[in-house]
Structures are given as C-alpha cells and as structure tokens.
Amino acid sequence: MVGVCRGCDSHAALAEAMVEIDERAAIVRCRGCSHTLFTVMRDEGGVRVMVASLSSLERSLQRDIPQS
Ligand SMILES: [Zn+2]
C-alpha cells in the first residue's frame with residue numbers, strides 16, 4: 001500500500017514509514033520530511049485514526065511499488 005505525503009509529496013510504501021508507539025498511540029511519520037502522516041489512538045472506547053499529512057493511500061491491483 002502506497003501513501004502520499006502532503007508535506008513533501010513523497011510516494012512511499014506504508015511499510016517504509018517511521019512509527020512511534022506507546023501504550024495509547026502509534027504515530028506514523030513520513031520518512032522523507034518526518035511530518036506526521038496519521039495517528040492511531042487506542043483507549044477503552046476503541047480505536048481512532050486521525051489523519052494529518054497523509055494525502056492519499058493507494059492500493060494497486062498490480063503491485064505495491066511506488067510509480068514515481
Ligand atoms: Zn513527507
């Protein structure tokens with residue numbers, strides 16, 4: 001799955017993003033510019049995803065390699 005960063009227009013596989021995790025949240029950052037792409041929060045009420053600099057998320061039917 002390829003994510004596009006609004007901060008630097010990088011197209012990269014989501015697996016390449018940097019992730020900071022603690023017991024309540026996972027912060028997913030762009031490897032190109034370190035902006036927060038999205039944050040996943042977890043608490044007793046459930047899970048919440050807050051989108052920040054993630055412009056789009058694309059899943060190719062062919063392959064998951066950025067086209068750039
Ligand atoms: Zn970026």
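The following questions and answers concern a predicted model of a protein.

Biologist: How many helices and how many strands does the protein have?
Modeller: From the N terminus on, the elements run β-β-β-β-β-β-β. The count is therefore zero helices and seven strands, a strand being a DSSP run of at least two residues.

Biologist: What percentage of the residues of the protein count as buried?
Modeller: The C-alpha atoms fill a box of roughly 40 × 25 × 15 Å along the principal axes. The protein has 68 residues, and the share that counts as buried is 13%.

Biologist: In what order do the strands of the open sheet stand?
Modeller: Three strands form this sheet, and the pairing is antiparallel. Strand E2 (11-13) and strand E7 (54-58) each have a single partner strand, so they stand at the edges. The twist averages 25° from one strand to the next. The order is E2-E1-E7.

Biologist: Which residue in E2 stands opposite Val 4?
Modeller: Strand E1 covers residues 2-5 and runs antiparallel to E2, joined by three bridges. The residue in E2 opposite Val 4 is His 11.

Biologist: How many residues lie between E5 and E6 in their hairpin?
Modeller: Strand E5 (residues 36-43) pairs with E6 in the antiparallel sense over six bridges. In this pair, Val 40 stands opposite Val 49. Strand E6 takes up residues 46-51. The number of residues between E5 and E6 is two.

Biologist: How many residues of strand E6 are buried?
Modeller: A residue needs 20 or more other C-beta atoms within 10 Å of its own to count as buried. Strand E6 has six residues and is hardly covered. The count of buried residues in E6 is zero.

Biologist: Is Thr 36 buried, exposed or partly exposed?
Modeller: Thr 36 lies in strand E5. Beyond four places in sequence, its contacts are Ile 27, Arg 29, Ala 52 and Ser 53. There are 18 other C-beta atoms within 10 Å of Thr 36, while buried takes 20 or more and exposed 12 or fewer, so the residue is partly exposed.

Biologist: How far apart are the C-alpha atoms of Thr 36 and Val 51?
Modeller: Along the chain, the two residues are 15 residues apart. In space, their C-alpha atoms are separated by 8.5 Å.

Biologist: Which residues make up the largest nonpolar core?
Modeller: In soluble globular proteins, nonpolar side chains tend to be buried together. Leu 54 belongs to this core, and beyond four places in sequence Leu 54 touches Gly 3, Leu 37 and Phe 38. The core has five residues in all: Cys 5, Val 28, Cys 30, Leu 37 and Leu 54.

Note on methods
Residues are numbered from 1 along each chain as its sequence is written. This is a predicted model: local features need pLDDT of at least 70, side-chain atom pairs count only at pLDDT 80 or more; totals for chains, interfaces and linings use all residues. Helices (H or I, at least four residues) and strands (E, at least two) are DSSP runs, numbered from the N terminus. Two strands pair if DSSP finds at least two bridges between them. Two residues are in contact if their C-beta atoms, placed from the backbone, lie within 7 Å. A nonpolar core is a set of buried Ala, Val, Leu, Ile, Met, Phe, Trp, Tyr and Cys residues joined through C-beta atoms within 7 Å. Axes are lines fitted to C-alpha atoms, for helices over the stretch in contact, and angles run from 0 to 180 degrees between N-to-C directions.
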